[in-house]
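Morning, everyone. Today I want to talk about aromatic rings and their neighbours. Please look at the model first.

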Amino acid sequence: DLAAAFTGFSAGLTPGSPCLGAGEDGSNMGADLGVAGGPTGPARLIHLAPGQYSLSGLSLAHDVSLEGAGADRTELRGPVFGLRTGARLAGAAVYSNPTRYGVLVNPGEAPEIRSTTVRWCGTGIRCECSSPRIVGCSFTGNSIPIFCSSGATALIADSTIVGNHSGVYCIASSPKVTNCLIVGNSSAGVTSQGATPSFLNCTLTGNLYAPVCDTGGQPPAFKNCIIWKNLNGGICGSLSSSLSDRDPLFVRPGVFDFGRYAVVPIDGEEWGLPDFVVEAGDYHLQAGSPAIDTAALDGAPEADIEGNARPCGAGVDMGAYESSSCSQTVFRRGDANADGQGDIADAIYILAFLFTGGPEPSCLKGADTTDSGKVDITDPIRLLGYLFLGSAAPAEPFTACGLDATAVALGECSSAALM
């Protein structure tokens with residue numbers, strides 16, 4: 001019962017609160033809700049087992065984070081509402097219906113949305129005057145997958161926006177979009193109205209329209225991007241070290257049918273939803289591509305959408321994918337759950353993987369805190385010892401993303417572990 005996991009919050013004061021005894025005549029400030037008997041924390045992390053859950057009538061406003069068992073195993077019936085700064089939504093598939101949003105990020109908040117699939121929504125993620133980090137996500141079958149407005153400064157990275165009505169839609173906002181694949185959408189891949197979005201190492205192709213914008217604000221800025229064979233219109237925006245006039249030689253461009261819809265039953269009604277993707281395609285670069293080794297190194301991301309280190313050759317490649325297969329990918333040791341941190345949640349994640357059938361870490365090297373070449377009980381012990389007993393830190397790269405200096409083989413890491 002997901003609703004039960006949202007209960008048990010209290011607005012009572014905790015020991016050490018500056019509000020204790022600070023009121024008139026030594027009284028406590030605020031409503032008389034009592035004092036907690038011991039130290040408590042404001043945040044709550046709810047781990048979701050594989051299955052389907054409804055968030056109808058529930059709010060995450062009490063600093064609640066949700067972590068599923070993977071987007072292919074944990075499904076959330078949205079909308080997701082109330083994510084706070086520092087909270088996260090990860091490892092789940094969120095769906096709604098074409099009249100509603102999937103995730104609403106309220107003004108002033110900066111949560112993280114990671115490794116999440118968003119589909120079948122009117123607006124996938126709506127950001128109003130907010131600064132969410134959207135990393136390693138997938139958007140398909142939505143009307144507007146990502147909508148930024150009213151000064152929003154979202155970071156959107158390592159994500160795929162494929163087979164929606166539109167792409168990234170910006171009004172009076174400044175999102176930063178990095179290492180994203182924006183393909184096969186039935187309107188513009190980018191729409192900018194009085195906004196100043198920036199795109200770095202993104203691939204935009206096969207959309208019905210090239211990026212479009214009005215005369216307000218600054219035009220979108222594209223750096224190290226591939227903008228190719230969008231079906232109608234010229235490019236609105238400034239291009240730097242980007243490719244738009246020659247075939248980038250993708251391995252296999254996708255096939256899309258913008259008249260194709262699937263009938264999907266939701267809440268007792270049948271909805272005609274975008275089913276545009278006939279063949280997904282492969283947007284890696286072939287040998288001889290003019291996009292290989294020709295992008296600007298300055299400001300380029302350290303890795304591509306798949307986690308391959310940049311540059312991987314004589315120079316950085318344009319677009320979301322590096323063309324070569326480097327021997328290593330960048331990762332962060334100790335970040336087993338790929339939330340960008342190394343904390344107690346990672347130790348719990350490793351223990352669940354080892355002993356209770358929890359999901360496998362997307363980057364096994366990140367879970368191998370001892371750098372032994374395997375993941376076992378010594379890894380959560382090492383992390384917990386560092387966090388609470390002053391023991392040695394996990395092996396580098398731990399303080400930031402980097403390469404494995406010892407090159408101990410434990411498989412490849414996905415991009416979800418990079419930020």
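**Aromatic contacts**

Let's start with Tyr261, which counts as partly exposed because its relative accessibility is 41%. The cut-offs: buried is under 20% relative accessible area, exposed is over 50%, and partly exposed is in between, with a 1.4 Å probe and protein chains only.

A word on the source. This is a predicted model, where local features need pLDDT of at least 70, side-chain atom pairs count only at pLDDT 80 or more, and totals for chains, interfaces and linings use all residues. Residues are numbered from 1 along each chain as its sequence is written, and side-chain values use heavy atoms, with hydrogens and water left out.

How many aromatic pairs does a search of the whole structure find? Seven. Rings of Phe, Tyr and Trp (its six-membered ring) pair if their centres lie within 6.5 Å; planes under 30 degrees apart are stacked, over 60 edge-to-face, the rest tilted.

One of the pairs is Phe250 with Tyr283. Their centres are 5.0 Å apart, the planes stand at 75°, and the pair is edge-to-face. Phe250 sits in strand β27 and Tyr283 in strand β32, 33 residues apart, so to speak of distant parts of the chain is fair. Strands are DSSP runs (E, at least two residues), numbered from the N terminus. Both Phe250 and Tyr283 are buried.

Back to Tyr261. Its ring and that of Phe276 are edge-to-face, because the planes meet at 85°, with centres 5.4 Å apart. Phe276 is buried, at 1% relative accessibility. Phe258 joins Tyr261 and Phe276 in one aromatic cluster.

Conventions:
Helix = DSSP H or I, 4+ residues; strand = E, 2+ residues; numbered from the N terminus.
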